[in-house]
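Hi,

Here is the structure I said I would pass on. Have a look at it first, and my notes on what turned up are underneath.

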Amino acid sequence: MSRLPLEKKVLSENDRIAQRLRERFLARGLFCLNFISSPGAGKTSLLERTLERFIPSERVALLTGDIQTDNDAQRLARFGFPVKQITTGGTCHLDARMIERALEDWPLESLNTLLIENVGNLVCPSSYDLGEAAKVVVLSVAEGEDKPLKYPSIFFKSELMILNKIDLLPYVSFELAKARAHALQVHPGMEIVELSCKTGAGFDDWMKWLERRREAARAREVPVPGQHRPA
Amino acid sequence: MHELSIANSILEAVRKERERLNGARVTKVGVRIGELAGVDPDALSFGFEVLVKDTDFEPLALGIEFISRRHECSHCRHVFKVADYRMDCPACGSTETRCIGGDELELSYLEVEES
């Protein structure tokens with residue numbers, strides 16, 4: 001019996017596809033976010049309120065993942081931007097191949113922002129790179145403030161934590177300061193925005209973060225030779 | 001519970017390596033899993049056993065090495081394991097340390113029967 005060293009990532013196939021997607025996005029100055037949370041933390045509501053604030057000429061598109069139903073795609077389609085539902089049929093996360101397949105018949109040149117709503121789950125989606133510029137984790141105050149300590153992987157890998165449903169703070173025993181401290185313990189330097197999708201409180205902070213990051217992506221755009229992009 | 005998908009990816013890698021080794025008999029595959037990888041070792045072992053059973057992979061064992069989160073001190077360069085989220089440098093006390101490992105999800109070795 002002999003032991004052969006094998007230095008390879010377990011998800012190298014997914015990472016390879018994700019990297020291919022990331023290069024396509026970067027070349028077009030397209031800014032892609034991957035939203036992750038437990039079920040019911042408010043990912044779809046966050047996206048609805050965000051789309052409401054975009055002017056109709058914004059070149060935004062959405063992919064939304066669920067195990068069953070296209071309810072979320074229906075909710076999001078009302079705003080007039082392209083939306084596609086990815087129904088995983090049992091799989092608890094999106095992977096890079098699903099994204100690549102969903103984008104096959106979409107003209108990426110016509111977009112500058114792609115928002116991906118992952119399957120509601122704080123664990124599994126954290127392992128799969130989708131080619132996004134950043135992961136955003138949404139935690140609602142109806143959950144526990146120790147979630148970052150219990151599910152460190154996703155809080156470690158997300159650049160921004162959105163603390164949603166702050167309108168419920170008077171009714172729940174959730175300490176914002178503790179939640180922030182726990183998130184920063186797992187991920188020192190992580191950015192945090194507190195907001196309510198229901199009342200709109202704090203929403204400007206989120207839109208400012210999004211705008212800042214979209215600007216940065218545009219600035220890094222690598223023009224594809226011989227290809228004209230609409231202004 | 002995405003450990004079944006992860007186990008499947010491990011078996012895909014074993015299948016490819018087996019072909020590269022001209023059909024050599026692989027008896028064990030080793031993986032490294034960081035505590036920040038979001039993968040549960042017990043669930044992975046279970047999923048792996050289920051997928052291997054009654055296939056031509058049998059008998060194939062899975063060796064899991066669980067890796068702690070590691071930080072490096074920005075001042076004295078000391079590298080240490082992080083336990084209970086204590087991230088200050090145990091050597092010089094600095095609070096400026098950065099994460100340099102602990103999210104591994106890697107294949108590390110194959111054990112192959114000599115023919």
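One term before anything else: pLDDT is the predictor's confidence in each residue, on a scale from 0 to 100. You'll want it straight away, since over residues 225–231 of chain A the pLDDT stays under 50. For that stretch the model has one contact beyond four places in sequence.

As you'll have guessed from that, this is a predicted model. How do the chains score overall? Chain A has a mean pLDDT of 92, with 95% of its residues at 70 or more. For chain B the mean is 93, and 99% of its residues reach 70 or more. The complex as a whole gets an ipTM of 0.84 and a pTM of 0.89 from the predictor.

**Where the chains meet**

Let's start with the contact between the two chains. Chain B puts 26 residues into it and chain A puts in 24. On the chain B side, the elements that give two or more residues are α1 (3–20), β1 (26–34) and β6 (105–112). Which of them gives the most? That's β6(B), with eight residues. By type, the chain B side splits into 15 nonpolar residues, five polar and six charged.

Now follow β6(B) across to the other chain. Strand β1 of chain A (residues 2–9) pairs with β6(B) in the antiparallel sense, over six bridges. If you want places to click on, A:L4 has B:L110 as its bridge partner, and A:K9 sits opposite B:E106.

That pairing belongs to a four-strand open sheet, in the order β1(A)-β6(B)-β1(B)-β2(B), with mixed pairing. The edge strands are β1 of chain A and β2 (61–67) of chain B, each of which pairs on one side only. From one strand to the next, the twist averages 20 degrees. As a reminder, strands of a sheet pair through backbone hydrogen bonds, either parallel or antiparallel.

**More of chain B**

Lying across β1 and β2 of chain B is helix α2 (residues 41–52), which runs at about 165 degrees to β2(B).

One residue I stopped at in β2 of chain B is B:G63. Is B:G63 buried or partly exposed? A residue needs 20 or more C-beta neighbours to count as buried and 12 or fewer to count as exposed; B:G63 has 14 inside 10 Å, so B:G63 counts as partly exposed. Leaving out residues up to four places away in sequence, B:G63 touches B:K28 and B:G30. There is also B:P41, 22 residues from B:G63 along the chain, with 10.0 Å between the two C-alpha atoms.

Chain B has another open sheet, this one of three strands in the order β4-β3-β5, with antiparallel pairing. Why do β4 (79–81) and β5 (97–101) each have one side without a neighbour in the sheet? They stand at the edges with a single partner strand each, so one side of each is left free of a neighbour in the sheet. The twist here averages 35 degrees from one strand to the next. Strand β3 (residues 70–73) and β4(B) are joined by three bridges in the antiparallel sense, and B:E72 stands opposite B:V79 there.

**Inside chain A**

Over in chain A, have a look at strand β3 (residues 60–66), where seven of its seven residues are buried. A:V60, A:L62, A:T64 and A:D66 point one way from the strand, while A:A61, A:L63 and A:G65 point the other way.

What runs alongside β3(A)? Strand β5 (residues 113–117) of chain A is joined to β3(A) by five bridges and runs parallel, with A:L62 opposite A:L115. Strand β4 (residues 83–87) of chain A also pairs with β3(A) in the parallel sense over five bridges, and there A:L63 faces A:K84.

**The core**

Last stop: the largest nonpolar core, which has 77 residues. Those with the most contacts inside the core are A:I116, A:I162 and B:I10. Take A:I162: leaving aside neighbours within four places in sequence, A:I162 is in contact with A:L46, A:V136, A:V138, A:V193, A:L195 and A:W206. In soluble globular proteins, nonpolar side chains tend to be buried together.

Cheers

Note on methods:
Residues numbered from 1 in each chain as written. Chains lettered and ligands numbered in written order. Predicted model: local features only at pLDDT ≥ 70, side-chain atom pairs only at ≥ 80, totals over all residues. Contact = placed C-beta atoms within 7 Å. Nonpolar A, V, L, I, M, F, W, Y, C, P; charged D, E, K, R; others polar. Pairing = 2+ DSSP bridges. Axes fitted to C-alpha atoms, helices over the stretch in contact; angles between N-to-C directions. Core = buried A, V, L, I, M, F, W, Y, C linked by C-beta atoms within 7 Å.
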